[in-house]
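Trainee: Hi! I'm new to this one, could you walk me through it?
Mentor: Happy to. Let's bring it up and take it topic by topic.

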Amino acid sequence: MVQHVDPEVLALWALGEDDLGSPADRAHLSGCAACRAEHDALARAAEVGREAGPLVAPPAEVWERVRAEVRADAGAPSAPPRPAAVPGTPDAPPVTTVVDLASRRRRTFVRAGAAAAAALVVGVAGGVVWERGRTPAPAPAPVAVASAALEPLPGWPGSTGTAVVEEDPDGVREVVVHVADGTVTGDAYREVWLLAADLSGMVSLGVLDDDEGTFPVPDGLDLEKYSVVDVSAEPYDGDPVHSGDSIVRGALDPA
């Protein structure tokens, strides 16, 4: 059976640890398509992590895998068996087998480090892809569905304005109103209304504090019926009814 390069060594090579592995491993890599494909895939994952800018923390399960690998590979070596006594002689003194603990530790931590590296190559790259995938796409901009040119009414010469109804993908509608040269005196304010075309009903949208304002359209309000935009001058008299003093007015047309 073909002896392929240890996947942990391939992971370390992918991370740039070129001083690990044996000459036989490198000779095998140059002639084995399967090992080259695995190495190249790990290298691409590592490159994604390097190019992604600030990295996000890998998922918790990655660290659990790393800890499990380290615990499995760093276990204490079992004691060597005690030699049996020779029959017919007193028990021989125990023979101590010398174990190169430094070498064993090096092998253990190389294996543990390689396991951690392999897990992190996949985990960090996966975390980057997950972070990119969760970035929300920009919300579609609202579109204009109707507009009106606002013309001055008697007593307000030179006042002009526009009104645009915008609707977002969820069906929420707003009216953007702009009025020029419609300044009121200090004892009055401007209010925006939607009127029925036959003036049989009206709905207040709110106060226009500046030259331009955005006002939500009440849910369910029929803009085919309430199709006229009106901006009035209202005295501070506490009466919520339209004053009858309109500055500009115009009928909405579908966009």
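**How far to trust the model**

Mentor: This is a predicted model, and the protein chain averages a pLDDT of 77, with 66% of the residues scoring at least 70.

Trainee: Over which residues is the pLDDT below 50?
Mentor: Residues 76–87 are one such stretch, with six contacts in the model beyond near neighbours in sequence. Residues 95–110 also have a pLDDT below 50, and that stretch has six contacts beyond near neighbours in sequence. Where pLDDT is low, the predicted coordinates should not be read in detail.

Trainee: Got it. How many helices and strands are there in the protein chain?
Mentor: The protein chain has five helices and nine strands. Starting at the N terminus, the order is α-α-α-α-α-β-β-β-β-β-β-β-β-β.

Trainee: And what share of the residues is buried?
Mentor: Buried residues are 33% of the 255 in the protein chain. As for the surface, the protein chain exposes about 15,800 Å², and carbon and sulfur atoms supply 57% of that.

Trainee: What about contacts between residues far apart in the protein chain?
Mentor: Take the contacts with a separation of 6 or more: residues 24 or more positions apart account for 59% of them.

Trainee: Let's zoom in. How many salt bridges does the count come to?
Mentor: The count comes to one salt bridge. Asp 230 forms a salt bridge with Arg 249, and their closest N and O atoms are 2.7 Å apart. The pair links distant parts of the chain, with Asp 230 in strand β7 (residues 228–235) and Arg 249 in strand β8 (residues 246–251), 19 residues apart. In general, side chains of opposite charge can pair when their charged atoms come close.

Trainee: Is Asp 230 buried or exposed?
Mentor: Asp 230 counts as buried because its relative accessibility is 0%. Its partner Arg 249 has a relative accessible area of 27%, so Arg 249 is partly exposed.

Trainee: Which other side chain makes a polar contact with Asp 230?
Mentor: That would be Ser 246, whose side chain makes a polar contact of 2.6 Å with the side chain of Asp 230. The side chains of Asp 230 and Arg 249 are also joined by a polar contact, at 2.7 Å.

Trainee: And what does Asp 230 touch, leaving out residues up to four places away in sequence?
Mentor: Its contacts include Glu 191, Val 192, Trp 193 and Leu 195, as well as His 242 and Val 248.

Trainee: Glu 191 is in that list, so tell me about that one. Where is Glu 191?
Mentor: Glu 191 sits in strand β4, which covers residues 188–195. Glu 191 is buried yet has no salt bridge, and the nearest side chain of opposite charge, Arg 190, is 11 Å away.

Trainee: Which side chain makes a polar contact with the side chain of Glu 191?
Mentor: Ser 204 does, at 2.5 Å. Leaving out residues up to four places away in sequence, Glu 191 also touches Gly 206, Val 207, Asp 230, Val 231, Ser 232 and Glu 234.

Trainee: New topic: what stands out about the phi of Leu 199?
Mentor: Leu 199 has a positive phi of about 60° although it is not a glycine. Most residues other than glycine have a negative phi. Leu 199 is in the loop between β4 and β5 (202–208). With 55% relative accessibility, Leu 199 counts as exposed.

Trainee: Where is Val 172 found?
Mentor: Val 172 is in a loop too, running between β2 (160–167) and β3 (173–180). Val 172 counts as partly exposed because its relative accessibility is 43%. Leaving aside neighbours within four places in sequence, Val 172 is in contact with Glu 166 and Glu 167. The C-alpha atoms of Val 172 and Asp 219 are separated by 7.7 Å, with their positions 47 residues apart along the chain.

Trainee: One last stop: is Val 165 buried or exposed?
Mentor: Val 165 counts as buried because its relative accessibility is 0%. Val 165 lies in strand β2.

Trainee: What does Val 165 touch, not counting residues up to four places away in sequence?
Mentor: Among the residues Val 165 touches are Val 143, Ala 144, Val 145, Ala 146, Val 175, Leu 223 and Leu 252. The C-alpha atoms of Val 165 and Asp 253, 88 residues apart along the chain, are 9.7 Å from each other.

Terms used. Residues numbered from 1 in each chain as written. Predicted model: local features only at pLDDT ≥ 70, side-chain atom pairs only at ≥ 80, totals over all residues. Heavy atoms only, no water. Helix = DSSP H or I, 4+ residues; strand = E, 2+ residues; numbered from the N terminus. Buried < 20%, exposed > 50% of the residue type's maximum accessible area, 1.4 Å probe, protein only. Lys, Arg positive; Asp, Glu negative; His and termini not counted. Salt bridge = Lys/Arg side-chain N within 4 Å of Asp/Glu carboxyl O. Polar contact = N/O pair within 3.5 Å; in protein donor to acceptor, adjacent residues only side chain to side chain. Contact = heavy atoms within 4.5 Å. Areas by Shrake-Rupley, 256 points an atom, 1.4 Å probe, with all protein chains shown as cover. pLDDT = per-residue confidence, 0-100.
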